[in-house]
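User: Hey, I'm new to this one. Can you walk me through it?
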Amino acid sequence: MAIAAGIDCVQIREKDLSARELLALARESIGAAGEAGTGKVPVIINDRLDVAIAAGAAGVHLGGE
């Protein structure tokens with residue numbers, strides 16, 4: 001719904017999910033972002049470079065720690 005409403009970026013910050021669960025969420029979100037009809041909305045994954053690469057995310061946010 002947020003993508004359809006016109007947001008310009010999605011950032012996934014789920015620190016309590018397993019890698020498998022986060023990957024599934026990321027893939028679902030990336031799919032939804034590409035199907036919004038308003039162009040592709042980039043999806044950023046927090047702290048998990050491995051998941052971001054595996055999912056094909058637009059990027060990864062790495063904190064200072």
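Analyst: Sure, starting with one side chain: Lys 15 is exposed, at 59% relative accessible area (exposed means over 50%, buried under 20%, partly exposed in between, with a 1.4 Å probe and protein chains only). This is a predicted model, where local features need pLDDT of at least 70, side-chain atom pairs count only at pLDDT 80 or more, and totals for chains, interfaces and linings use all residues. Residues are numbered from 1 along each chain as its sequence is written, and side-chain values use heavy atoms, leaving out hydrogens and water.

User: What does Lys 15 form a salt bridge with?
Analyst: With Asp 47; their closest N and O atoms are 3.2 Å apart. A salt bridge here is a side-chain nitrogen of Lys or Arg within 4 Å of a carboxyl oxygen of Asp or Glu. Lys 15 sits in the loop between strand S1 (10–12) and helix H1 (19–34), and Asp 47 in the loop between strand S2 (43–46) and helix H2 (49–55), so the pair ties together parts 32 residues apart in sequence. Helices (H or I, at least four residues) and strands (E, at least two) are DSSP runs, numbered from the N terminus.

User: Is Asp 47 buried or partly exposed?
Analyst: Partly exposed, at 36%.

User: How many salt bridges does the whole structure have?
Analyst: Two. Arg 48 and Asp 50 make one of them, at 2.8 Å from N to O.

User: OK, strands now. How do S1 and S2 pair?
Analyst: In the parallel sense, over three bridges; pairing takes at least two DSSP bridges between the strands. Gln 11 has Ile 44 in S2 as its bridge partner.
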